[in-house]
Amino acid sequence: MSATTALPPAMAEELLHPLLPAASVGEIVWRTGGVLSTIFEIRFVGAAEPVVIKIYDDQWRWKQQKETYVYQLLQQHGVGPVPAVLHHGDADNALGRCYTVMTMLRGQPLSALSHTLDRASLREIYRQIGGCMAAVHQIPQGACGYLTTRVLDPEPTNTAYMTRQFHNKLREYADHGADAALATAIEAKVARQADLLRACRHAVLCHNDFHEGNVLVAEDSGGWQVSGFIDVENAIAADPLMDMAKTDYYCVHDDQDKREALCDGYGTLPADWSERVGLYRLYHALELWDWFASIGNTAPLEGITDDIRRMTA
C-alpha cells in the first residue's frame, strides 16, 4: 500500500471487528507508508478513542510478531510512552495482508515540526530523547544480534557481531558496484579501531531508529514534550552507543546544541563514547547506502558517499 492507497471504511471495520465488533468508522487518515508497511489512523463515530492500523507488505509480515514482542517488552519495563498492541491479525481478510491494531499516541512526528521550533525547545526535546534512549538501554539482552522475538544468529561479543555486520554490509556495498577504494578505506578504519568494539561488554535493547520521524512531540503548558516514540521494526541487541550513533548520523549532523542536549539527557557516558559513536556512524552510513541502493533510490547515494569519505579520511 502507499500514500495514494485508500483504506475504505468497510474494510477498516472488517479488520477491527475481532477487537471492536460494533465500531463505526467515521474517518480514516493516512499517516505514513513506505516499502515495509502503511499506517492509518482510524477515527470513530462517537466518543471512542482513535486507533492505528499498521498494514504490512507481504514480504515483511514477519515484522508483525517482532513489533508486538518489542512493544510489550518496553511496556513490561515501564519504558515509553509507546503504543499498546490491541490486536494483530493475519492475512485471512479481504485485504490479504497482516495487520496490527495499536493505540494512538498524542502528538506529531518531530520531523514535521523541528524546523519551526526555537533552539531552546529543540534542545529540551533532544534532552528528553536522550532520556528515552537511556531508559530503553536499561533492558539487557543475552547476546548481540538482530532481534525478532529472540536474538537471531546471536554473537557472544560485540566485536564478533560488529565484525560480521561490517563484513555483510561491505559485501552488499560491493554487490551494488560501490567504490572499491572506499570499501578498502572502511575496512582499514574498522581494523584500526577494533579496540572500540571490545569496549562494549554487554548487549542491551537498542531501538535502532531513534530519528525525528519516529519521535512524537506535543506542546502543553510546560512547553514541548516528547509524547512517545514508535516504529521498533529495526530493534537490535547491541552496544547502546549504536543507538546514539544512528540518531547522531540521521538527525544531529553537526548541530552541537542537539548533540550536547542528547548526551545531557542520556546521562553518564563512557570515556570513549565519542570515538565509538564515530565508528558506528560509519556503519550506519554504509548500511543506509546499501539500503537505498537495494531499492533503486540512487538520489541519496552521492551524499552518503561523501559522508563515508569524510569519516574514513
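Where is aspartate 231 found? It is in the loop between β11 and β12. I will come back to that residue. A word of caution before the tour: this is a predicted model.

Let's take the whole chain first. It holds 11 helices and 12 strands. Its radius of gyration is 20 Å, close to the 20 Å that the globule rule gives for 313 residues, so the chain is as compact as a globular protein of that length. Along the principal axes, the C-alpha trace spans about 60 × 45 × 40 Å.

Now burial and surface. Of the 313 residues, 50% count as buried. The exposed area of the chain is about 14300 Å², and carbon and sulfur atoms supply 52% of that.

How do the contacts run? Take those between residues at least 6 apart in sequence: 66% of them join residues at least 24 apart.

Charges next. There are 26 positive side chains and 40 negative ones. The centres of the two sets lie 4 Å apart.

On to the strands. A general reminder: strands of a sheet pair through backbone hydrogen bonds, either parallel or antiparallel.

Start with the open sheet of 3 strands. Its order is β6-β10-β11, and the pairing is antiparallel. Which strands sit at the edges? They are β6, residues 108–109, and β11, residues 223–229. Each of them pairs on one side only. Between β6 and β10, residues 215–220, there are 2 bridges. Look for proline 109 there: its bridge partner in β10 is leucine 216.

Next, strand β7, residues 144–147. It runs antiparallel to β8, residues 151–155, and 3 bridges join the two. The link between β7 and β8 is a hairpin through 3 residues. In that pairing, cysteine 144 has glutamate 155 of β8 as its bridge partner. β7 also has β12 as a partner, residues 236–238, again antiparallel, with 2 bridges. There, tyrosine 146 stands opposite isoleucine 236.

Third group: β3, β4 and β5. How many residues of β5 are buried? The count is 4 of 5, for a strand that covers residues 99–103. Strand β3, residues 51–56, pairs with β5 in the antiparallel sense over 5 bridges. Strand β4, residues 85–89, is also antiparallel to β5, with 4 bridges. Now put your cursor on tyrosine 99 in β5. It is the bridge partner of isoleucine 55. Glycine 89 stands opposite tyrosine 99 as well.

Stay with isoleucine 55 for a moment. It belongs to strand β3. Is it buried or exposed? Its relative accessible area is 1%, and the cut-off for buried is under 20%, so isoleucine 55 counts as buried. Phenylalanine 40 is 15 residues away along the chain, and the two C-alpha atoms are separated by 8.3 Å.

A second buried residue is leucine 110. You will find it in helix α3, residues 110–113. Its relative accessibility is 0%, so it counts as buried. What does leucine 110 touch, leaving out residues up to four places away in sequence? The list is Leu117, Leu122, Ile125, Tyr126, Ile129, Glu212, Val215 and Val217. For a longer span, take leucine 110 and aspartate 239. They are 129 residues apart in sequence and 25 Å apart in space, C-alpha to C-alpha.

Last topic: backbone geometry. In general, most residues other than glycine have a negative phi, and most peptide bonds are trans. Here are three places to check.

One is the peptide bond between glycine 80 and proline 81. It is cis, with omega about 5°. Proline 81 lies in the loop between α2, residues 63–76, and β4.

Another is aspartate 153. Its phi is near 45°, a positive value in a residue other than glycine. This aspartate is in strand β8. Is aspartate 153 buried or exposed? Its relative accessibility is 58%, and exposed means over 50%, so aspartate 153 counts as exposed.

And that brings us back to aspartate 231, in the loop between β11 and β12. Aspartate 231 is not a glycine, yet its phi is positive, about 60°.

Technical notes
Residues are numbered from 1 along each chain as its sequence is written. This is a predicted model: local features need pLDDT of at least 70, side-chain atom pairs count only at pLDDT 80 or more; totals for chains, interfaces and linings use all residues. Side-chain values use heavy atoms; hydrogens and water are left out. The radius of gyration is taken over C-alpha atoms; the globule rule is 2.2 Å times the number of residues to the power 0.38. Buried means under 20% relative accessible area, exposed over 50%, partly exposed in between (1.4 Å probe, protein chains only). Contact means heavy atoms within 4.5 Å. Accessible areas come from the Shrake-Rupley method with a 1.4 Å probe; for residues, only the protein chains shown count as cover. Lys and Arg count as positive and Asp and Glu as negative; His and the chain ends are not counted. The place of a charge is taken as NZ of Lys, CZ of Arg, CG of Asp or CD of Glu. Two strands pair if DSSP finds at least two bridges between them.
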